[in-house]
Structure formats: C-alpha cells, structure tokens
Amino acid sequence: MNKKIGAGIAGCLIMAVLIVILTFTAMKLGSIEVTYKELFDGLFVAYDKRVTVIYNLRFPRIIVALLGGASLALSGLLFQAILKNPLADPGIIGISGGAAFTSALVSAIFPMFYFATPIFAFVGGFATFLLIYSLAWKGSLDPLRIILVGIVISAVLVGLTEIVGQMANRTGVSVVVGGLSQLVWNDVKVLTIYSVIGIVGALIFAPACNILALEDKTVRSLGINVDLLRFGISVVAVILVSGITAVVGIVGFLALIAPHIARKLMGSDHKILVPFSGLLGGFLLLLADTIGRIIAAPNEISAAIIMSVLGGPFFIWLLRRGDKHDTN
C-alpha cells in the first residue's frame, strides 16, 4: 500500500475515534446528567424521560455540528482548490452571506417552504458567487481581487439579512437565527440531504482538484475544459455551504481553518484531503459547540462566536505568512 494512502487512512481513523469520544462527551454534558449506562438503557431498553429530553435536544445539535462542520470544511477546501488560494473561504468571499440572505428572505416571506430553504440558499449562494466573479474579472481572475470584492459583498449581504430579520421579528415570523441551540430533528433531515449530496460530490471531484493545482495551460493541453471543471466544483462547494447556512446561519472561519490544518497534517493530495478535512471540520464544529456550552454555563456561547474568536487570529497569521512568502 502506498505510504501516503496508508497515512491518510490512519489519519481518518484517528479523527473518527476522536469524533466518537467527543460525541459521547457532548451527549453527557448539560443540565440533565445521566450515566452512559442510563443513556444506553433509555435509548434502546426502556423509556426514560430524561434520556428522551437529551435525545430531542442534544442529539440533533451533535449531528448537525458533525454534518455542518464537514460541509463547511469541504466547501472551503474546494474553493481553495478553485482559486488556488489558501485564504479562500465561503464566509470571507461572501458565498455564506448570499446563502444566508436568501434563506432569511424565504423564511420571512414563505415560511411554508421551510424544507426547500436550502434550495433557495443555494440559489443565493451561487448567484453571489457569479456576481463576485463578474465584478472581480479584469481579463483574468486575481484571487486577491476576488477576496476583496467578496468581503464587500459579504458585508452588504449581512446587513440586508439583519434588516430582513428585524422586519420579520416585528411580524412575529421567525427566520434563521444561527447557532446550534434550538435545532430539532427536522433540521437534521434537511441538512442530511444536502450534506450527503455535497460530500459525495466532493469525493468525486477530489482527483480533479489535484489537476487544478497545475497551470491552466497544462490542464488544457490534457484536453480538459478548465472553466467547466471549475464551474462543476463550484456548484458542489455552494451546495455544501448553502445547506448548513440555511439551517444554522453563518459560521465563519471553519472553512478556512480545517483545510489548512488538514494540508499541514496530510499533504496536498485531495483524495486524502477530502475525507480527512470533512472529519476534521465536523470535529472542530462539535468541539466549538461543546466548549460554548460549558465555558459560561448555564449560559451558552454559540459555536459561530467560538470559531470567530479562534479563526480571526488564524486568518491574520495566514495573511502575514503569505506576505513573508511573497517577499522571499
């Protein structure tokens, strides 16, 4: 067996074990305390009111954290492959903002379309993606220009989303608030559909992401349509970020952090990076949610805030590292 493949499998197995440990820890933490035996008996042997409450309150947020974290990490990984820039992030370049705006708008005006919200989020995210690309285009796509345009577009969309939320609250209509504290099993069902589609797509496109690391002229010489390939990968990336944004709201920096850590640990082969980044992303979001639940108990700090506190300095470090690299 190839050493890289062996290391990749070992890394994924280690992440899977860490996820299992963290999942069982997250199950127990909270105002209702049960032993693991009581939890098992309540789930599979006999009815237990306390276990039922845990099942309906903690399990959905754990599953959403794992699926959502994986989706965000893979979305960031794909965007970074498309743009050939480790600073690319669906939150930073505005894709999450577009998805959040359309999902909030639909939730406010057409609440009966709840299960279709991720579809509208995808439309908003992809429209934002096309808008940013068109505004950043000047004979070619400069990754730095894309990021700068995306930051501006993101700020505008976040403001519009807040306006929609405020107007909806006045009429008593609930929109996507963000966070993992009020999730139910319907949220799990909705997210699972879009996450599975996106994760399968990311696995299929993993070899293509390796090809995009080459110069465009080299890829074209192989008979591959680079623009069409980027478009297909972009669709998958937008699906991934749209599903979690529609259910939870914007979670910043996770899509930036997880792929970067994965590259440091696993190298640059996307056939290894895709599964490992997905597992790492799920672990990080669940870890952030778990920390948020215990750090200020009985109050909670949202996972999005935890990720922002950690991700902001990380982003600055990447920028400084990039500057140093450019001057060498």
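1. Ala73 counts as buried in this predicted model, with a relative accessibility of 0%. Its place is in helix H3, which covers residues 49–83. Apart from residues up to four places away in sequence, Ala73 touches Ala255, Ala258, Pro259, Ser277 and Gly281. Ala255 and Ala258, both touched by Ala73, carry numbers that fall within helix H10 (254–266).

2. A separation in sequence can be set beside a separation in space for two pairs. Ala73 and Ile119 are 46 residues apart along the chain, and their C-alpha atoms are 20 Å apart. For Val158 and Gly97 the sequence separation is 61 residues, while the C-alpha to C-alpha distance is 5.8 Å.

3. Val158 belongs to helix H6, residues 143–170. Is Val158 buried or partly exposed? Its relative accessibility is 35%, so Val158 counts as partly exposed.

4. Ser242 is part of helix H9, which runs over residues 226–248. The residue is buried, with a relative accessible area of 1%; the cut-off for that label is under 20%. Outside the stretch of four places on either side in sequence, Ser242 touches Ala99, Pro118, Ala121 and Phe122. With Phe122 there is also a polar approach: the backbone nitrogen of Phe122 lies 3.4 Å from a polar atom of the Ser242 side chain. A reader checking this pair should note that Phe122 takes part through its backbone and Ser242 through its side chain.

5. Ser195 sits in helix H7, residues 185–211. This serine is buried as well, at a relative accessible area of 1%. Which side chain makes a polar contact with the side chain of Ser195? It is that of Ser71, at 3.0 Å. Leaving out neighbours within four places in sequence, the contacts of Ser195 are Leu67, Ser71 and Leu240. Ser71 therefore appears both in the contact list of Ser195 and as its polar partner, within the 3.5 Å limit for a polar contact.

6. Phe253 is a backbone point to inspect. Its phi is positive, about 75°, although the residue is not a glycine. Phe253 is placed in the loop between H9 and helix H10, the latter spanning 254–266.

7. On secondary structure, the protein chain has 12 helices and 0 strands. Read along the sequence, the pattern is α-α-α-α-α-α-α-α-α-α-α-α. The radius of gyration of the chain is 20 Å, close to the 20 Å given by the globule rule for 328 residues, so the chain is as compact as a globular protein of that length. The C-alpha trace spans about 65 × 55 × 35 Å along its principal axes.

8. Of the 328 residues, 48% count as buried. Among contacts between residues at least 6 apart in sequence, 77% join residues at least 24 apart.

9. The accessible surface of the protein chain comes to about 16100 Å², and carbon and sulfur atoms account for 70% of that area. As for charge, the chain has 23 positive and 16 negative charges, and the mean positions of the two sets are 4 Å apart.

How values were computed
Residues numbered from 1 in each chain as written. Predicted model: local features only at pLDDT ≥ 70, side-chain atom pairs only at ≥ 80, totals over all residues. Heavy atoms only, no water. Helix = DSSP H or I, 4+ residues; strand = E, 2+ residues; numbered from the N terminus. Buried < 20%, exposed > 50% of the residue type's maximum accessible area, 1.4 Å probe, protein only. Polar contact = N/O pair within 3.5 Å; in protein donor to acceptor, adjacent residues only side chain to side chain. Contact = heavy atoms within 4.5 Å. Rg over C-alpha atoms; globule rule 2.2 N^0.38 Å. Areas by Shrake-Rupley, 256 points an atom, 1.4 Å probe, with all protein chains shown as cover. Lys, Arg positive; Asp, Glu negative; His and termini not counted. Charge placed at Lys NZ, Arg CZ, Asp CG, Glu CD.
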